[in-house]
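Visitor: I should like to learn how to read the features of a protein model. May we look at one together?

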Amino acid sequence: MIEEHDQKMIRCPRIGGDVNFKFCRSENNMLPCRWVVGCWERRVDIHKFLEEHFSEEEQSKIFVPPKPKLESLVEMMEKAKEKK
Ligand code: SF4
């Protein structure tokens with residue numbers, strides 16, 4: 001079941017505080033954080049967990065690299081222009 005590791009705690013390098021596995025498996029629009037493998041692979045069979053609970057399409061969304069800030073800024077400006 002998807003909740004089996006939810007109470008396990010880890011120190012989050014992004015937040016700088018303790019978080020539980022439930023947070024890590026859902027903080028990315030209800031998908032796992034893109035760093036979940038690196039953070040949890042020593043404590044959970046994370047590859048098996050991802051395979052069991054997330055489709056290939058979902059997994060591809062999880063591990064999309066973040067857009068560079070400049071690219072995001074240009075997209076925001078283009079969207080703002082379209083709204084005018
Ligand atoms: S998986 Fe993400 S949210 Fe969880 S501890 Fe690692 S960086 Fe933080």
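Guide: Let us begin with one residue. The model is a predicted one, and in it M30 is exposed, because its relative accessible area is 63% and the cut-off for exposed is over 50%.

Visitor: Where is M30 found?

Guide: M30 has its place in the loop between α1 and α2.

Visitor: How should I read the backbone angle phi there?

Guide: Most residues other than glycine have a negative phi. M30 is not a glycine, yet its phi is positive, at about 75°. N29 also has a positive phi, near 55°, and is likewise a residue other than glycine.

Visitor: Is N29 buried or exposed?

Guide: N29 has a relative accessible area of 73%, so this residue is exposed. Its place, too, is in the loop between α1 and α2.

Visitor: How do I read the surroundings of a ligand?

Guide: One lists the residues around the ligand and then sorts them by kind. Here the shell includes C12, C24, C33 and C39, together with R14 and W35 among others. Its residues divide into 10 nonpolar, no polar and 1 charged.

Visitor: Which helices each supply at least two residues of this shell?

Guide: They are α1 (21-24) and α2 (36-40).

Visitor: What may be said of P68?

Guide: P68 lies in the loop between α4 (56-62) and α5 (69-83). Its relative accessibility is 49%, and therefore P68 counts as partly exposed. Although P68 and E57 are 11 residues apart along the chain, 22 Å separates their C-alpha atoms.

Technical notes. Residues numbered from 1 in each chain as written. Predicted model: local features only at pLDDT ≥ 70, side-chain atom pairs only at ≥ 80, totals over all residues. Heavy atoms only, no water. Near = heavy atom within 4 Å. Helix = DSSP H or I, 4+ residues; strand = E, 2+ residues; numbered from the N terminus. Nonpolar A, V, L, I, M, F, W, Y, C, P; charged D, E, K, R; others polar. Buried < 20%, exposed > 50% of the residue type's maximum accessible area, 1.4 Å probe, protein only.
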